[in-house]
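Biologist: I should be grateful for a close look at one part of this protein chain. Please describe the largest nonpolar core and the elements around it.

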Amino acid sequence: MDHRKLSSVLLVDGYSLVFRAFHALPLLTTPEGDYTNAIHGFFSMLIKALSDYRPDALCVMLDVHAPTFRHSLYEEYKGTRKPMPEELRMQVPVLKEVLDALNIPRYELAGWEADDLIGTISRKCETAGWECVAVTG
């Protein structure tokens, strides 16, 4: 076991990368017809970020499909946003399974968005004296 002192953390805005990957790549499928383009693109970007920054720790933040405190402040918050395409929606559970299989921590908190979690954790990193890099669109 490596007992080095933690000094750098990579915080990933999961859905930001997933949406970017989904729209950047053509629809890719398995032989069974399951879509994989967002998963492939997400992990390609994640591997690149890990290679570039070489962090001691990694965490992926994900939004929860639930109202946030912003919805109580402004009823129309994200009111014009289109729903997630079904070809992308079906990739999300697989993405989470792969993250779990790789023991990559992922955090989701009802009432808060991924960028709120990234901001909070980055503040804690700063207080602890750790370098913190946020990866987002």
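Modeller: The following account begins with a strand, moves to the core, and ends with a pair of helices. Please bear in mind that this is a predicted model.

Strand β1, residues 8-13, is mostly covered, with 6 of its 6 residues buried. Ser8, Leu10 and Val12 point to one side of β1, while Val9, Leu11 and Asp13 point the other way. β1 pairs with two strands. With β4 it forms 5 bridges in the parallel sense, and there Val12 stands opposite Val135. With β2, β1 also runs parallel, joined by 5 bridges; in β2, the bridge partner of Val12 is Val60.

Val12 leads to the core itself. This largest nonpolar core has 22 residues, and among these Val12 and Phe42 touch the most other members. At least two residues of the core come from each of β1, α1, α2, β2, α5 and β4. Helix α2 gives the most, with 6 residues. Leaving aside residues up to four places away in sequence, the contacts of Val12 include Leu17, Phe42, Leu46, Leu58, Ile118 and Val135. Apart from this core lies another, of 8 residues, including Val9, Met61, Leu117 and Cys125.

Phe42 belongs to α2, where Ile39, Phe42 and Phe43 meet Val94, Leu95, Val98 and Leu99 of α5. The residues of this contact are 7 nonpolar, with no polar and no charged ones. The axes of α2 (residues 37-53) and α5 (residues 92-101) come within 9 Å and cross at roughly 35 degrees, and the crossing is right-handed.

Notes: Residues are numbered from 1 along each chain as its sequence is written. This is a predicted model: local features need pLDDT of at least 70, side-chain atom pairs count only at pLDDT 80 or more; totals for chains, interfaces and linings use all residues. Side-chain values use heavy atoms; hydrogens and water are left out. Axes are lines fitted to C-alpha atoms, for helices over the stretch in contact, and angles run from 0 to 180 degrees between N-to-C directions. Helices (H or I, at least four residues) and strands (E, at least two) are DSSP runs, numbered from the N terminus. A crossing is left-handed if the near helix is turned anticlockwise from the far one by less than a right angle, and right-handed if clockwise. Contact means heavy atoms within 4.5 Å. Ala, Val, Leu, Ile, Met, Phe, Trp, Tyr, Cys and Pro count as nonpolar, Asp, Glu, Lys and Arg as charged, and the others, Gly among them, as polar. A nonpolar core is a set of buried Ala, Val, Leu, Ile, Met, Phe, Trp, Tyr and Cys residues joined through side-chain atoms within 4.5 Å. Buried means under 20% relative accessible area, exposed over 50%, partly exposed in between (1.4 Å probe, protein chains only). Two strands pair if DSSP finds at least two bridges between them.
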